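Student: I keep getting lost when I look at this model as a whole. Could you pick one part, take me through it slowly, and show me what surrounds it?

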Amino acid sequence: MLRAPGNDLLAACAAKKLARSARVSSWDHSGKNEDAFVVKPGESVVLADIEGPGALTHLWFVQACRRILGPGLIPYSKTGVAMMEVHPALGLVYEDNDPDYYRKVLIKMYWDDSKEPSVLAPLGDFFCIGNSMPGNFESLPFTVSVKPSELRKYGGNCGANCYLTMPFNKHARIEIENQGENPYIQYFYIDYELYKDPLPETTLYFHATWKRENPTNGWAPNGMQTNSLETQVKNLDGKENYVILETEGEGNYIGCNHSVTHFQGTWWGEGDDMIWVDDDTWPPSYHGTGGEDYFTQGWGMQKNAYSFCGSIIHEDDVPNTQVSYRFHLPDPVRFSKRIKVTMESGHGNHLRDDWSTTAYWYQTLPGPKLSVPPVVKRLPRRPVIPQDDVPEREFGTLDGERKGMIKQREERFKEYLRDRQEWVDRRAKDSKARSEKNAQHAKELRSRWIASLQ
């Protein structure tokens, strides 16, 4: 089989192209090693601000969001790192990652003159980190690499990549908003290409949106088993289905990731996928046969991660939890007017589970006005060990030595937090200055390149 010259992933590198490649990153402009942006609670920072025409070609993100639990022996002002990765049993530092921060931090992307973001999602879910729990996986458009000690841990540390092409004609801007309670740390690369001539009118723009139903609107009592006789009801309109994506315009739906927390004691699957395209009534253009079938598995989900489909978190490894993905890159769902992508929550929508999805697609501008629920509505369901029956000792019953140690800890903690806050303030201020310099550097780079073509 002959390749079309220069038109596929492998052959494209052997063809000339009038383009200039470049990168925006979190590197330390002073030449030192403080290579991360720091975003204070309630604040935003611009990661990339690039003039077009051009296209983003690769995103690499590594992040953390540390909670200070007690006084450490190493002040942040005396270190050269953005976080203290020391086991708390050693007594040197006492901190951890906010287990929910992947849902508290938002990523936003804007193309050209759009005032509304074309991408709006919790940062973790955008990179297929479902339920704030990273798992190792490799697909063609996304990869996640997790430290062994952080694997399938809420708020675990990982590196995430996105290789989807994101074209822009006039302008591209990526922002991070920290809606959490703790300072957020972000290392990043944003690789891109610049073009001399405007993009063709046929260009479609990248979009992503996050949705959640917690719980889904199932009709059956908790004791009704998936695939039982009593679940064999008719669904001939799909009106109660979970909606992954609904938008108007012209474009291509390229897939989603899907996170489930199942708590009805049976199984989350068997819900048919149904996709309405343009002027569809009933039946829709796409009608599937079950949730696991949409994710191209069979007889349940398996522990694999292929180029276009697979499991990221498998329910055998984390009980009642499944994170899956399906990417329609070789088989995009094309629409000319509108599209509605849905799935039943169990056959006939009988299950009440916690579902969330990130949908990815390309379409004409302007796209839909995207929104996300407030932080409290985004937090994952996490198992919590009850401590109501573990009361603290009354301070007045302690002897003088122990009272003194408690007071000493309180004083050390105040000083430690003061030192760290000064560090956070300095790093956050520097991050914003660095963001502005990155935008200026990108502008100057483009001007030099265009001048070199004259």
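Tutor: Happy to! A word on names before we start: helices are DSSP runs of H or I with at least four residues, strands are DSSP runs of E with at least two, and both are numbered from the N terminus. With that we can place asparagine 227, which sits in the loop between β15 and β16. Please keep in mind that this is a predicted model.

Let's begin in that loop and then follow its strands. Asparagine 227 is not a glycine, yet its phi is positive, at about 70°. The loop between β15 and β16 also holds proline 215. A cis peptide bond leads from asparagine 214 to proline 215, with omega near 10°.

Now step back into β15, which covers residues 205-213 and pairs with β24 in the antiparallel sense over nine bridges. One place to look is phenylalanine 206, which stands opposite tyrosine 362 in β24. This brings us to the part I would like you to study most closely, strand β24.

Is β24 enclosed or open? To judge that, we need a cut-off: a residue is called buried when its relative accessible area is under 20%. In β24, 10 of the 10 residues are buried, so the strand is largely enclosed by the rest of the structure. You can check this face by face. On one side Asp354, Ser356, Thr358, Tyr360 and Tyr362 are buried, and on the other side so are Trp355, Thr357, Ala359, Trp361 and Gln363.

Another partner of β24 is β17, and 10 bridges join these two antiparallel strands. Within that pairing, asparagine 257 has threonine 358 of β24 as its bridge partner. Histidine 258 belongs to β17, which spans residues 251-261. Histidine 258 has a relative accessible area of 1%, so it counts as buried. Setting aside its neighbours within four places in sequence, histidine 258 is in contact with several residues, including Trp355, Ser356 and Thr357. Its contacts also include Trp268, Phe295, Gln322, Val323 and Ser324.

Next, look for aromatic rings. A ring pair is described by the distance of the centres and the angle of the planes. The model has 24 aromatic pairs. Take tyrosine 76 and tyrosine 416 as a practice case: their ring centres are 6.4 Å apart and their planes lie at 70°, so this pair is edge-to-face. The pair links distant parts of the chain, since tyrosine 76 is in the loop between β5 and β6, while tyrosine 416 is in helix α5, 340 residues away. Both tyrosine 76 and tyrosine 416 are buried.

With that practice done, we can return to β24. The rings of phenylalanine 126 and tyrosine 360 have centres 6.0 Å apart and planes at 70°, so they too form an edge-to-face pair. Here helix α2 supplies phenylalanine 126 and strand β24 supplies tyrosine 360, with their positions 234 residues apart in the chain. Phenylalanine 126 and tyrosine 360 are both buried. These two rings also belong to one aromatic cluster, and Phe206 and Tyr362, the opposite partners we met earlier, are among its members. Others in the cluster include Phe37, Phe61, Phe127 and Phe137.

From helix α2, walk on into the loop that leads to β9, and you will find serine 132. Serine 132 has a positive phi, near 65°, although it is a residue other than glycine. Its relative accessibility is 0%, so serine 132 counts as buried.

Finally, go back to the far end of the loop where we started. Strand β16 belongs to an open sheet of four strands in the order β16-β23-β18-β19, with antiparallel pairing. The edges of that sheet are β16 and β19, each pairing on one side only. Inside the sheet, five bridges join β18 to β23. For one of these pairings, find tryptophan 276, whose bridge partner in β23 is lysine 340.

So as you turn the model, keep β24 in the middle of your view: β15 pairs with it over nine bridges, β17 over 10, and tyrosine 360 joins it to phenylalanine 126 of helix α2 through a ring pair.

Terms used: Residues are numbered from 1 along each chain as its sequence is written. This is a predicted model: local features need pLDDT of at least 70, side-chain atom pairs count only at pLDDT 80 or more; totals for chains, interfaces and linings use all residues. Side-chain values use heavy atoms; hydrogens and water are left out. Two strands pair if DSSP finds at least two bridges between them. Buried means under 20% relative accessible area, exposed over 50%, partly exposed in between (1.4 Å probe, protein chains only). Contact means heavy atoms within 4.5 Å. Rings of Phe, Tyr and Trp (its six-membered ring) pair if their centres lie within 6.5 Å; planes under 30 degrees apart count as stacked, over 60 as edge-to-face and the rest as tilted.
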